[in-house]
Amino acid sequence: MPVRTGEPSDAAFIVEMARLASAIEGRPLPPADDPLLAQGLPPSPDTSVLALDHDGHPIGAAWWHFREPLLVVTPDGAPVPELVIAVMPADRGRGVGRRLLDALTARAAHHGYDQLALNVHIRNPAVRLYSRAGFVVAGKGRGPLGVAMVRHLP
Ligand SMILES: CC(C)(COP(=O)(O)OP(=O)(O)OC[C@H]1O[C@@H](n2cnc3c(N)ncnc32)[C@H](O)[C@@H]1OP(=O)(O)O)[C@@H](O)C(=O)NCCC(=O)NCCS
């Protein structure tokens, strides 16, 4: 499955993925113009990766961003980039998420980062995917049921 770096023209798709990534059980997705959503978007297109179907249409995306308050900082106070990921509902469970995680990890290492962090709701089944991909629990995350996880990059 092809994965490519984000481009400026992917902005609308990334917003749709950000909406999916902020889903909380049983609640409607936030609107595309939600200010909280805007805080979690990639700072530039090249901090994102997109997975494509056979026709070249995007089916999922992952990116990193820095959102205040920072989720994880290094012992010397440097911000650790925070990952966001989502895959279109019809394309889940086929390895797209894992492929995006690995591609973003490589990209973050290329940008000189040595860790990636993420926030996940404790009941989100994505926790298993993150653990398999090498993320470990690093402490409390955002909100009452958020968990912070980190992965040290090669
Ligand atoms: C989490 C997500 C990106 C995983 O993408 P994916 O392409 O299904 O992932 P993969 O096929 O590589 O791996 C499947 C694993 O993802 C996890 N998973 C999480 N939600 C899932 C779902 N709805 N369907 C299938 N797998 C899901 C499981 O751990 C699963 O492995 P398991 O079946 O062994 O438990 C995708 O389910 C998604 O977009 N979910 C909604 C948005 C979201 O929760 N984002 C994360 C916010 S922290």
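Student: What is the accessible surface of the protein, and how much of it belongs to carbon and sulfur atoms?

Tutor: The accessible surface comes to about 8,300 Å², and 58% of that belongs to carbon and sulfur atoms. Keep in mind that we are looking at a predicted model.

Student: Thanks! Which helices and strands should I look for, and how many are there?

Tutor: You will find four helices and seven strands. Along the sequence they follow the pattern β-α-α-β-β-β-α-β-α-β-β.

Student: What makes the protein as compact as a globular protein of its length?

Tutor: Set its radius of gyration against the globule rule. The radius is 14 Å, and the rule gives 15 Å for 154 residues; the two are close, so the protein is as compact as a globular protein of that length. The C-alpha trace spans about 45 × 35 × 30 Å along its principal axes.

Student: How do you know that Leu52 is buried?

Tutor: A residue counts as buried when its relative accessible area is under 20%. Leu52 has 12% relative accessibility, so it counts as buried. Its place is in strand E2.

Student: Which residues does Leu52 touch, leaving aside its neighbours within four places in sequence?

Tutor: Leu52 is in contact with Met1, Pro2, Arg4, His57, Pro58 and Ile59. Val136 makes a useful second landmark: its C-alpha atom is separated from that of Leu52 by 28 Å, and their positions lie 84 residues apart along the chain as the sequence distance.

Student: Why is Ala126 called buried?

Tutor: The same cut-off, under 20%, applies here. Ala126 has 18% relative accessibility, and therefore it counts as buried. You can find Ala126 in helix H4, residues 126–132. Between Ala126 and Asp91 the C-alpha distance is 14 Å, with 35 residues separating them in sequence.

Student: What makes strand E3 largely enclosed by the rest of the structure?

Tutor: Count its buried residues: seven of the eight are buried, so E3 is largely enclosed.

Student: How is E3 paired with E2, parallel or antiparallel?

Tutor: E2 and E3 pair in the antiparallel sense, over five bridges. To see the pairing in the model, look at Ala51, which stands opposite Gly60 in E3. The two strands form a hairpin with five residues between them, and Gly56 in the turn has a positive phi of about 85°.

Student: How many bridges join E3 to E4?

Tutor: Six bridges join E3 to E4, and these strands run antiparallel. Here Trp64 stands opposite Leu83 in E4.

Student: In which sense do E4 and E5 run, parallel or antiparallel?

Tutor: E4 and E5 run parallel, joined by two bridges. Two strands pair if there are at least two bridges between them. Glu82 stands opposite Ala117 in E5.

Student: Why is strand E5 described as largely enclosed?

Tutor: Five of the seven residues of E5 (residues 115–121) are buried, so the rest of the structure largely encloses this strand.

Student: Which residues of helix H1 are buried, and what do they pack against?

Tutor: In H1, residues 11–21, the buried ones are Phe13, Ile14, Val15, Met17, Ala18 and Arg19. The buried residues of H1 pack against helix H2 and strands E2, E3 and E4.

Student: And how much of the whole protein counts as buried?

Tutor: Of its 154 residues, 42% count as buried.

Key: Residues numbered from 1 in each chain as written. Predicted model: local features only at pLDDT ≥ 70, side-chain atom pairs only at ≥ 80, totals over all residues. Heavy atoms only, no water. Rg over C-alpha atoms; globule rule 2.2 N^0.38 Å. Buried < 20%, exposed > 50% of the residue type's maximum accessible area, 1.4 Å probe, protein only. Areas by Shrake-Rupley, 256 points an atom, 1.4 Å probe, with all protein chains shown as cover. Contact = heavy atoms within 4.5 Å.
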